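Trainee: Could you walk me through this one? I would like to learn how each label is earned.

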Amino acid sequence: TPQAAAYVEDYDFTLKEVNIRIQDRRKSQNASVPQARFFIADYPYIDDGLDGKVIPLLYGTPVDIPAICVNGSLDSGPVEYRAALLLTALGTVQVDETGNGNWVTVTPATTDLATGSFTLDAGDARDASGKALKCRLLAPTGIVISRLSDIIIDMNQRFLGFDYTETNYDTTEWEAEETAIKSGAYYLDDEKKLADAIVDIQNGANVGFRYEILPDGRRT
């Protein structure tokens, strides 16, 4: 009778015995997320402090999120921003006109939802010295979800390559249990392990739920 799904993490042997140390399969599948990053090679005018930082990942529709300036070393011309890995709706774009929380709504000159990016004209996004203004999005939508458990499905597929199939999931139990879980939003702008991101989702859900791998290897 299967008791658990595990993998061999380490072993040693002598002429008399073999010692095998097994480990929870979730450890071997614990990728770091998000994985896309800002690099100077892709953004030659980015501030040095952003080089190597992760590109935020957004699920659902939050109240607001910051938009990151990706040509901050320039002091003239349009200002380029990226808010997330991808967006399905931009929401309302606002800039901090005075740097003291005086947010005003502006209209983007260009928008690319597939990369979560947009540009603002210099007159809307630069102060008197040419420095780019802080920017935020009100009610943007990232990866669309119906319930918070959809985030786990997407992360498993996006970062580990496990599609939502009967081979990878106990779909019968999953679909019966997920009906109690409501929707929400999840914004991740710092690298963490996938297991820790799943704990965030569990802690933020309207009902408590377990996430585990069955003895046959399926997720539930």
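Mentor: Happily, and keep in mind that this is a predicted model. In what order do the 7 strands of the open sheet run?

Trainee: The order is 8-7-11-5-6-10-9, with antiparallel pairing.

Mentor: Yes, and neighbouring strands there are turned by 30 degrees against each other on average, direction ignored.

Trainee: Why do strand 8 and strand 9 stand at the edges?

Mentor: Strand 8 (103–106) and strand 9 (110–112) each have a single partner strand, so one side of each is left without a neighbour in the sheet.

Trainee: What makes strand 5 and strand 6 a pair?

Mentor: Pairing needs at least two bridges. Strand 5 (residues 64–69) and strand 6 (residues 79–82) have 2 bridges, in the antiparallel sense, so they qualify as a pair. Within strand 6, Arg-82 is the bridge partner of Ile-68.

Trainee: How do you know that there are 0 disulfides?

Mentor: A disulfide needs two cysteine sulfur atoms within 2.5 Å. The sulfur of Cys-69 is 9.1 Å from the closest cysteine sulfur, in Cys-135, so that is too far for a bond. A search of the whole structure finds 0 disulfides.

Trainee: Why is Cys-135 called buried?

Mentor: Its relative accessible area is 5%, and buried means under 20%, so the label fits. Cys-69, at 14%, counts as buried too.

Trainee: And why is Val-18 called exposed?

Mentor: Val-18 has a relative accessible area of 54%, and exposed means over 50%, so that label fits as well. Val-18 lies in strand 2 and belongs to a nonpolar surface patch whose members also include Tyr-11 and Phe-13.

How values were computed: Residues are numbered from 1 along each chain as its sequence is written. This is a predicted model: local features need pLDDT of at least 70, side-chain atom pairs count only at pLDDT 80 or more; totals for chains, interfaces and linings use all residues. Side-chain values use heavy atoms; hydrogens and water are left out. Patches are made of residues with over 30% relative accessible area and no salt bridge: like charges are joined within 9 Å, nonpolar side chains (Val, Leu, Ile, Met, Phe, Trp, Tyr) within 5 Å. Accessible areas come from the Shrake-Rupley method with a 1.4 Å probe; for residues, only the protein chains shown count as cover. A salt bridge is a side-chain nitrogen of Lys or Arg within 4 Å of a carboxyl oxygen of Asp or Glu. Helices (H or I, at least four residues) and strands (E, at least two) are DSSP runs, numbered from the N terminus. Buried means under 20% relative accessible area, exposed over 50%, partly exposed in between (1.4 Å probe, protein chains only). Axes are lines fitted to C-alpha atoms, for helices over the stretch in contact, and angles run from 0 to 180 degrees between N-to-C directions.
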